[in-house]
Structure formats: C-alpha cells, structure tokens
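Let's walk through this structure together, starting from a single residue and working outward. Keep the model open beside you as you read.

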Amino acid sequence: MTQPLRVALAGLGTVGGGVIKLLDENRALIERRAGRPIEVVAVSARDRSRDRGVDLSRFAWVDDAATLAAADDVDVVVELVGGADGPALTLARDTLKAGKAFVTANKAMIAHHGLELADLAEARGVALKYEAAVAGGIPVIKGLREGAAANEVSEVFGILNGTCNYILTEMEEKGSGFDDVLAEAQRLGYAEADPSFDIDGVDAAHKLSILASLAFGTAIDFGAVAITGIRHVIAADIAEAAALGFRIRLVGHSEANGRGLFQRVHPCLVPLSHPLAHVSGSLNAVVAHGNFVGRLFFQGRGAGEGPTASAVVADLIDIARGETGPAFAMPVAALAKPATASAGERRGRVYLRFTVADRPGVLAEITAAMRDAGVSIESLIQRGVESDGNVLIAIVTHVGPERAATDALERLDGSQSLTGKPMLMHILDD
C-alpha cells in the first residue's frame, strides 16, 4: 500500500495537539515503519479559536465530530474527546458501522462499552485500537495482546493512576498530609479540579478491567471491580509503612483462578524489595505473570502529551500496515464470562490503622475483636497521644483469610473507643 492513511482527529486538547506534533516531527520515520504516509485530513473540537501550538489551517475543520464517521476522505477516526457515553460513544459506533477503523484513548468508554465496539469492529472487518487508554505510552496492551499471546496469564497488577502515585510519593517524601498534597497536585496540573475519578480509584478500575480482559481472555466486567481509593490515607499511614519496610501505592490487582475472576483496586503496602515500591511520582507500572514467559514488568509515563500521543500513533501505524485483529486478543464470542471471585476467600497479610480515644481498655477491645474474628497479629504499634487527644494504633497481621480482618472491623463498628473510621490496606506479596 502506498496511498496515505487518512486520519480524522476528534478532540484537540493536550493529546490531540501531541498527535499532530508527533506526526509532523517523526513523519519520515513513521512512514518507513508504517509502509505508507499517515496524514491528518480533518479535525474537530469545541473551540476553533484556541491556540494549540500547531498549524491547523492545513486540515479541514469540522464543527460536528459525528460527521467524521461518514466522511468519504477519512480511513480512520481518532477519538480524544473522553467520556464513557455521549458524543464519544456515538462517534465510535458510527465510525465502526461505516467500516472505518477507530482509535481511542478513552478508557472509560472501553471499560463500559468495549465489547459492543469490538463486536462491531469484527462484523465490519476493521480495527478497534486503544493502546493509549491504559498506562499512556507504556505498550502494555500490545504486550499482553500480542507479546504474551502464547501464555496462560495467572495475574496482572500494577500502579495504574499517575495522579494517585504522585500524591502518595509526595506524602512519603515530604511528610505532608493528603489534602495539602492534593491541593499542590491540582495547582501543578497533576490532578483535576474534581479529582474524584482519580483519588477514588475509578480511573484505575477502568484500566484494570481492560487489562484483565486481555490477560485472561474474559469479557470486560468493570462492575465486578472492588474499588477503594486513597482519599483516607493519612501521613501517619505513610510513616508507619516506612517504619515497617513498606511504601503505600494504589494497586489494581486481577487474578483468574478456579473460583472465578478477582479484580480489586486498593491502597496496598508494598515491600521495598518489590519493583512497584520504586515506581514513584506520576509513573505507571504493570506486572503480569505468564506460565512460560514468567514475570513481565512494564514501566513508564502513564499520561501526558508525549506518552499518550505516542500510543495513539503506534495504533495508527498498525492500522496503516493492515492489522485488524480482534480488539481483545480473541473474538468477542470466545471471551469467557467467569464468576466474580470473592475477596474473602483470599489469603494474605493486612495493615490495620485505628484512631482511638486515650483511655484504658481500648487496646484490649481491639485485640479481643481480632481474636474473636480469628486474626493473628504479627506486630502492633501504639503511638503516644496526638495533639488532638487521640492515639494511633497500627496492626500488621499474619497471613490469614481476608474475611477475618473484615469481620474484626465489623465487630468494632460502632465502638465508642474509635474516634475515626479504621483503615485497612492489603500487603502485597514480594
């Protein structure tokens, strides 16, 4: 093929501008690798007058992005609008129904509607690509879908949200509280004005559900992901973790076993001996275990103009080469639909933090609840009275069923000795 791949770009924010810059700067290299030129022919965005740092006059401007799907001079549509539903989903459906390839960085849309879109792509024999939807410029989608295709993957987990990782790293390095670091992250542009999707773990859960589908050959099941964010991690947790030889990271973890598919996003204590403990700042990292390849470790920048644009253009190169394989490594009809595995049956160690009143009998009450729930305590640290009159108690358990620690907290629910909600964090095996 020598004819150019004609691209329409919907969304001209940071990433959209980055795609144009990358195609301009590396044009000759990209053409050699793709086997033909890749040319943007049309663009669409809400604000035509905004300066995006690139020359847009050479492209056709389309006010209504939905019309790109039917354009005769467009081979592939790139969607960088965002949102699980609305205009992005309409554009995706219409593009694929029109027999055109579709590229997106929209993890929410893929997590919620990926199977429907993949089915449409298969029916029309066109490509659905979404490398940029998970972990920015890290080629983890391609790595799981293609590089590890011959392996049975037992688990996939990692640090999937750069905003949360930045906040936790700053808390760790500066000893600051969560609210102060979040405010600074917003000022620097690392966190949105409304950071809920990031700090409450939803963004990471979208990405985890996509990775789980690729890793295990299962239908995406975002609704089955158990989600806890980092909103309630305090500076004392960071300090206690460091004293115990851990760092706190928000970890998305999925595993397929005889009981079904387990998926969870949760702040974890990560041993210093584990590579995830050394993933700092806004970096992302993904770990997968294949039965023949062993441990695979992917690390890099998970967001931003350059990394995300790089992933988008990599998908365009695949399409230019004629690659139209199944979006989730196998046809949609072949994807399994396993039961949701109960977290309570899992075994491991946990960290429990209590903020309690400074009075006799409180420690005995907590340890009695642990005993009655069948929790074996490995270590217990009780700090002195804080300035607010409360006492912090941190407990690390021995390996045991997760349901036991949950049961212990339920036994303490409503206790007058507790002055704040307890914090439970799982400890990642090294």
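Aspartate 237 is a good place to begin: in this predicted model, the residue is buried, with a relative accessible area of 0%. You will find aspartate 237 in helix 10, which covers residues 235–243. Which residues does aspartate 237 contact once its neighbours within four places in sequence are left aside? They are His232, Ile248, Tyr351, Arg353, Met423 and Met425. For a sense of scale, try selecting alanine 369 as well: aspartate 237 and alanine 369 are 132 residues apart in sequence, and their C-alpha atoms are 21 Å apart in space.

One of those contacts of aspartate 237, Met423, leads us on to a pocket. Met423 is among the residues closest to the centre of the second largest pocket, together with Leu409, Lys421, Pro422 and Leu424. This pocket has a volume of about 700 Å³, and 31 residues line it. Where does the lining come from? Strand 10 (260–271), strand 14 (350–357), helix 13 (402–412) and strand 18 (423–427) each supply at least two residues. Helix 13 gives the largest share, with seven residues. By chemical character, the lining of the second largest pocket divides into eleven nonpolar, eleven polar and nine charged residues.

Now let's turn from open space to enclosed space. A search of the whole structure finds one cavity of 30 Å³ or more, and the largest cavity holds about 30 Å³ of space. Its lining is made up of Ile159, Leu160, Asn161, Cys164, Asn165 and Leu250. How do the residues of this lining divide between nonpolar, polar and charged? Four are nonpolar, two are polar and none is charged.

Cys164, one of the residues lining the largest cavity, brings us to the cysteines. The structure holds zero disulfides. For cysteine 164, the nearest cysteine sulfur is that of cysteine 268, and it is 12 Å away. Cysteine 268 is likewise in no disulfide, with the sulfur of cysteine 164 as its nearest cysteine sulfur. A disulfide here requires sulfur atoms within 2.5 Å, so a separation of 12 Å leaves cysteine 164 in no disulfide. Are these cysteines buried or exposed? Cysteine 164 is buried, with a relative accessible area of 0%, and cysteine 268 also counts as buried, at 7% relative accessibility.

Another buried residue worth a look is glutamate 170, in helix 6 (residues 162–174). Glutamate 170 has 12% relative accessibility, and because buried means under 20%, it counts as buried. Setting aside its neighbours within four places in sequence, glutamate 170 is in contact with Gly175 and Val181.

Finally, zoom out to the whole chain. The protein has 13 helices and 18 strands. Its radius of gyration is 24 Å, close to the 22 Å that the globule rule gives for 430 residues, so the protein is as compact as a globular protein of that length. Taken along the principal axes, the C-alpha atoms fill a box of roughly 80 × 45 × 35 Å. Of the 430 residues, 54% are buried. Among contacts with a separation of 6 or more, 74% are between residues 24 or more positions apart.

Note on methods:
Residues numbered from 1 in each chain as written. Predicted model: local features only at pLDDT ≥ 70, side-chain atom pairs only at ≥ 80, totals over all residues. Heavy atoms only, no water. 1 Å grid on protein atoms, 1.4 Å probe; cavity = no way out; pocket = protein on both sides within 12 Å on 5 of 7 lines; lining within 4 Å. Points joined across faces, edges and corners; volume = space filled by probe spheres on them. Helix = DSSP H or I, 4+ residues; strand = E, 2+ residues; numbered from the N terminus. Nonpolar A, V, L, I, M, F, W, Y, C, P; charged D, E, K, R; others polar. Buried < 20%, exposed > 50% of the residue type's maximum accessible area, 1.4 Å probe, protein only. Rg over C-alpha atoms; globule rule 2.2 N^0.38 Å. Contact = heavy atoms within 4.5 Å.
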